[in-house]
Amino acid sequence: MSAVAGKIIKRVRGKGRGWAFTPKDFLDLGTRASVDMALTRLVQSGVIRRIGRGLYDYPKLHTKLGALTPDTDTIVQAVATQSGDKVFASGAQSANRLGISTQVPAKASYVTDGTSRIKTVAGRTIALKRSRAPILDDASADVNAVLQMLAHIGKANIDADLLHRLAMQLDDRDLKALRKAQPLMPGWMSDAVLKIGMVKHG
């Protein structure tokens with residue numbers, strides 16, 4: 001086994017079974033060509049599995065079913081790494097996460113700051129839709145969930161009850177992140193963020 005392959009498998013095992021990844025996750029370990037070659041050899045030896053073009057996983061194993069398909073969230077994160085786009089759960093999923101809606105979307109869907117597209121990876125179909133709200137790198141999942149949920153429900157459906165419920169879920173750090181991102185939002189969303197802060201500290 002090459003030195004690069006040895007380092008890759010050490011990192012893969014450190015992440016644990018179920019992790020999905022791309023060559024980009026290992027470019028600090030060697031050249032792109034050496035990383036690609038090492039991944040190919042690790043696939044051939046059965047250590048890892050190729051699940052799509054430039055996408056791999058270290059599969060979880062089931063005693064009867066064998067290697068399991070990685071979960072959709074894991075695949076989506078690998079797809080985001082591959083493309084360099086930001087990705088987050090869709091507005092409908094975010095509304096459910098925040099307890100604003102009890103409806104669980106039948107199909108997992110995601111928003112991205114890249115182009116809208118549909119990808120099929122490891123037998124799963126993943127819909128990526130361009131987001132109308134910013135997806136923030138330096139903010140909590142709750143902050144991004146609030147932004148995507150607001151974009152999903154729209155200006156007309158924001159009322160005092162919703163603002164109160166959101167204010168109760170966010171801490172001061174979350175509110176600071178939302179305020180910092182206001183210039184990236186549509187005007188009505190920025191107004192909603194302002195009102196959430198007023199409810200929180202009113």
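These are my notebook entries on a small sheet, a pocket and two nonpolar cores in a predicted model.

**Entry 1: the sheet**

I started with the strand order and read it as E1-E3-E2, an open sheet of three strands with antiparallel pairing. E1 (20-21) and E2 are the edge strands; each has a single partner strand, so one side of each is left without a neighbour in the sheet.

Next I looked up the pairings. E2 covers residues 49-52 and E3 covers residues 55-57, and three bridges join the two. Gly 52 has Leu 55 in E3 as its bridge partner. On the other pairing, E1 and E3 are antiparallel over two bridges. There I found Ala 20 bridged to Asp 57 of E3.

What links E2 to E3? They form a hairpin with two residues between them. I checked the turn as well: Gly 54 sits in it with a positive phi of about 70°.

**Entry 2: the largest pocket**

I then went to the largest pocket and noted about 240 Å³ of space in it. Which residues come closest to its centre? Of the 14 lining residues, they are Gly 91, Val 111, Lys 129, Arg 132 and His 152.

I traced the lining back to secondary structure. Two helices and two strands each give two or more residues: helix H4 (91-97), helix H5 (141-153), strand E7 (109-112) and strand E9 (124-130). By residue class I have five nonpolar, six polar and three charged in the lining.

**Entry 3: the nonpolar cores**

The largest nonpolar core has 29 residues, and I wanted its best-connected members. Val 146, Leu 147, Leu 166, Leu 178 and Ile 196 touch the most other members. The elements giving two or more residues here are H5, helix H6 (160-169), helix H7 (172-180) and helix H8 (187-201). Which element gives the largest share? H5 does, with seven residues. I had already met H5 in the pocket lining.

I picked Leu 166 for a closer look and left out residues up to four places away in sequence. Its contacts are then Leu 98, Ile 100, Val 146, Met 149, Leu 150 and Ile 196. Two of these names, Val 146 and Ile 196, are also on my list of members that touch the most others.

There is a second, separate core of 16 residues. Ala 5, Ile 9, Trp 19 and Tyr 58 are among them. As background, I jotted down that nonpolar side chains tend to be buried together in soluble globular proteins.

Conventions
Residues numbered from 1 in each chain as written. Predicted model: local features only at pLDDT ≥ 70, side-chain atom pairs only at ≥ 80, totals over all residues. Heavy atoms only, no water. Pairing = 2+ DSSP bridges. Helix = DSSP H or I, 4+ residues; strand = E, 2+ residues; numbered from the N terminus. 1 Å grid on protein atoms, 1.4 Å probe; cavity = no way out; pocket = protein on both sides within 12 Å on 5 of 7 lines; lining within 4 Å. Points joined across faces, edges and corners; volume = space filled by probe spheres on them. Nonpolar A, V, L, I, M, F, W, Y, C, P; charged D, E, K, R; others polar. Core = buried A, V, L, I, M, F, W, Y, C linked by side-chain atoms within 4.5 Å. Buried < 20%, exposed > 50% of the residue type's maximum accessible area, 1.4 Å probe, protein only. Contact = heavy atoms within 4.5 Å.
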